[in-house]
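Subject: Handover of the structure, with notes

Dear colleague,

I am passing on the structure below, together with notes on what was found in it. Please keep it open while you read, as the notes go from single residues to the whole chain.

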Amino acid sequence: MSDTTITSANSVFTIVIAGLFPAPVQLQGYASDKAFTTEALDLAEVQMGVDGRMTAGFVPNPTKQTITLQADSPSKDIFTALIQATKTAREVFYISGTIALPSTGESFTLTRGILTNAKQIPDAQKVLQPVDYVITWESVNRSLL
């Protein structure tokens, strides 16, 4: 019998941004219904010939991850600084990160990420809504804690 659970409340997500935040910074203030998500990874390119024979090959692809922070998250300042630096320098800044999931005993190493999409202003409804930031990672590797 396993001692693992599926809680995400004890997860730890840290990032380093070359040239801006050289020491790991822990993200805080996630949205309650969606802290971070990743898109499914396409592992192969598949083609079908006119004769009905399929062929395929491995193709490396980046992984898109959406980080969703509450409107009052202190970690929004990290992304605001990154957005401003990107606009000022007219250059991208590479991000590296780690995610620890103690509940399942897993760790993920995220390499050569780029902030590719960011919402700069939270939606204002009855209360301010969570804000999404999308990082595209060159690679994501899983290991055990």
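Ser107 counts as buried because its relative accessibility is 13%, where buried means under 20% relative accessible area, exposed means over 50%, and partly exposed lies in between, with a 1.4 Å probe and protein chains only. Please bear in mind that this is a predicted model, in which local features need pLDDT of at least 70 and side-chain atom pairs count only at pLDDT 80 or more, while totals for chains, interfaces and linings use all residues. Residues are numbered from 1 along each chain as its sequence is written, and side-chain values use heavy atoms, with hydrogens and water left out.

Ser107 lies in strand E8, which covers residues 106–118; helices (H or I, at least four residues) and strands (E, at least two) are DSSP runs, numbered from the N terminus. Leaving aside neighbours within four places in sequence, Ser107 is in contact (heavy atoms within 4.5 Å) with Ile99, Ala100, Asn141, Arg142, Ser143 and Leu145. Of these, Ser143 is the bridge partner of Ser107 in E10.

Strand E8 has several partners, where two strands count as paired if DSSP finds at least two bridges between them. Six bridges join E8 to strand E10 (residues 139–144) in an antiparallel arrangement, and four bridges join E8, also antiparallel, to strand E9 (residues 131–137), with Leu115 matched to Ile135 in E9. E8 further pairs with E7 in the antiparallel sense over six bridges; Gly97 has Leu110 of E8 as its bridge partner, and Ile95 stands opposite Gly113 in E8. The hairpin of E7 and E8 has four residues between the strands, and there Gly105 takes a positive phi near 75 degrees.

How enclosed is strand E7 itself? Five of the seven residues of E7 (residues 95–101) are buried, so this strand is largely enclosed by the rest of the structure. Strand E1 (residues 12–17) runs antiparallel to E7 and is joined to it by six bridges, with Phe13 opposite Ile99 in E7.

Those two residues, Phe13 and Ile99, are also among the contacts of Gln65, a list that further includes Phe36, Leu110, Tyr133 and Trp137. Gln65 sits in strand E6 (residues 63–69) and counts as buried because its relative accessible area is 1%. The side chains of Gln65 and Trp137 are joined by a polar contact of 2.9 Å, a term for a pair of N or O atoms within 3.5 Å in which, within protein, one must be able to donate a hydrogen and the other to accept it, and residues adjacent in sequence count only if both atoms are side-chain atoms. Gln65 and Val134 are 69 residues apart in sequence, yet their C-alpha atoms are 5.5 Å apart in space.

The structure holds four salt bridges, each defined as a side-chain nitrogen of Lys or Arg within 4 Å of a carboxyl oxygen of Asp or Glu. One of them joins Asp132 to Lys34, with the closest N and O atoms 3.9 Å apart; this pair links distant parts of the chain, since Asp132 is in strand E9 and Lys34 is in the loop between strand E2 (21–26) and E3, 98 residues apart. Another joins Arg112 to Glu138 at 2.8 Å between the closest N and O atoms, and it connects strand E8 with the loop between E9 and E10, across 26 residues of sequence. Arg112, at 43% relative accessibility, counts as partly exposed, and Glu138, at 47%, does too. Lys119 and Asp123 also meet through their side chains in a salt bridge (2.9 Å, N to O).

As for the whole protein, its secondary structure comes to one helix and 10 strands, in the order β-β-β-β-β-β-α-β-β-β-β from the N terminus. Of its 145 residues, 30% count as buried, and residues 24 or more positions apart account for 64% of the contacts with a separation of 6 or more. The C-alpha atoms fill a box of roughly 55 × 50 × 35 Å along the principal axes.

With best wishes
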